[in-house]
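Biologist: Please take a close look at one part of this model, the nonpolar core. Tell me what builds it and what surrounds it.

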Amino acid sequence: MGAVRKVATYLGLGADEHYDESYDYEDDVENEESEEWHASASERAARRWRSIAEPSRIVMLTPRKYNDAPTIGRHFREGQAVIMDVNGMSTAEATRMVDFAAGLAYGCDGRIERIAEKVFLLAPADVEVTTG
């Protein structure tokens with residue numbers, strides 16, 4: 001085969017080649033198993049997030065030290081919006097806490113927004129925040 005024909009075939013411009021190999025149906029079994037795994041993952045996520053029928057809650061927290069971060073994370077992972085006021089913290093600890101909260105929001109598909117100086121809103125993915 002000439003160089004031009006090889007390049008044309010590589011780019012999909014040449015003649016179609018036919019394959020005589022049969023299709024392997026064992027891959028379909030693996031796909032079914034992965035679908036079951038995805039279903040169990042979605043079931044785990046459904047258990048983690050609250051149902052639509054429950055009333056929405058907003059939790060206001062004023063952490064005093066960085067060791068209070070697990071409390072913020074627990075409320076946020078339960079699907080509650082969290083207002084975090086870091087006014088009572090030193091600048092270094094407040095920066096660490098905001099960095100933690102930003103990572104938490106990113107990791108859980110939520111978002112973080114500054115609503116006042118040193119006051120932040122952590123909103124889960126299912127909470128819509130509008131400004132007006």
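Modeller: The largest nonpolar core has 18 residues. Those with the most contacts inside it are I72, F76, M84, V86, M97 and L122. This is a predicted model, so read every value as computed from predicted coordinates. Five elements give two or more residues each to the core: strand 1 (58-61), helix 3 (69-77), strand 2 (81-85), helix 4 (91-107) and strand 4 (119-123). Helix 4 gives the most, with six residues. In soluble globular proteins, nonpolar side chains tend to be buried together.

Take M84 as a way in. Leaving aside neighbours within four places in sequence, M84 is in contact with L61, P63, I72, M97, V98, A101, K118, V119, F120 and L122. Three of the core residues with the most contacts, I72, M97 and L122, are therefore among the contacts of M84.

Now helix 3. Its buried residues are A69, I72, G73, H75 and F76. They cover an arc of only 165 degrees around the axis, so they sit on the same side of helix 3. What do the buried residues of helix 3 pack against? Their partners are strand 1, strand 2, helix 4 and strand 4. Just after helix 3, G79 takes a positive phi of about 90 degrees.

Q80 lies in the loop between helix 3 and strand 2. Is Q80 buried or exposed? Its relative accessibility is 8%, so Q80 counts as buried, the cut-off being under 20%. The side chain of Q80 makes a polar contact with the side chain of H75, at 2.8 Å. H75 is itself one of the buried residues of helix 3. Not counting residues up to four places away in sequence, Q80 touches R57, V59, H75, L122 and P124. Among these, L122 is also one of the core residues with the most contacts.

That leads to strand 4. Five of the five residues of strand 4 are buried, so strand 4 is largely enclosed by the rest of the structure. In a regular strand the side chains alternate between the two faces of the sheet. Here V119, L121 and A123 point one way from strand 4. F120 and L122 point the other way. Residues on both sides are buried.

Strand 4 has partners to pair with. Four bridges join strand 2 to strand 4, and the two run antiparallel. In this pairing, I83 stands opposite L121 in strand 4. Five bridges join strand 3 (residues 111-116) to strand 4, again antiparallel. There, E113 stands opposite L121. L121 thus faces I83 in one pairing and E113 in the other. Strand 3 and strand 4 form a hairpin with two residues between the strands. In that hairpin, K118 takes a positive phi near 60 degrees. K118 is also among the contacts of M84.

Finally, the wider setting. The protein has four helices and four strands. From the N terminus on, the elements run α-α-β-α-β-α-β-β. Of the 132 residues of the protein, 23% count as buried. Among contacts between residues at least 6 apart in sequence, 53% join residues at least 24 apart. The protein exposes about 10,000 Å², and carbon and sulfur atoms supply 51% of it.

How values were computed. Residues are numbered from 1 along each chain as its sequence is written. This is a predicted model: local features need pLDDT of at least 70, side-chain atom pairs count only at pLDDT 80 or more; totals for chains, interfaces and linings use all residues. Side-chain values use heavy atoms; hydrogens and water are left out. A nonpolar core is a set of buried Ala, Val, Leu, Ile, Met, Phe, Trp, Tyr and Cys residues joined through side-chain atoms within 4.5 Å. Buried means under 20% relative accessible area, exposed over 50%, partly exposed in between (1.4 Å probe, protein chains only). Contact means heavy atoms within 4.5 Å. The arc is that of the directions from the helix axis to the C-beta atoms. Accessible areas come from the Shrake-Rupley method with a 1.4 Å probe; for residues, only the protein chains shown count as cover. A polar contact is a pair of N or O atoms within 3.5 Å; within protein, one must be able to donate a hydrogen and the other to accept it, and residues adjacent in sequence count only if both atoms are side-chain atoms. Two strands pair if DSSP finds at least two bridges between them.
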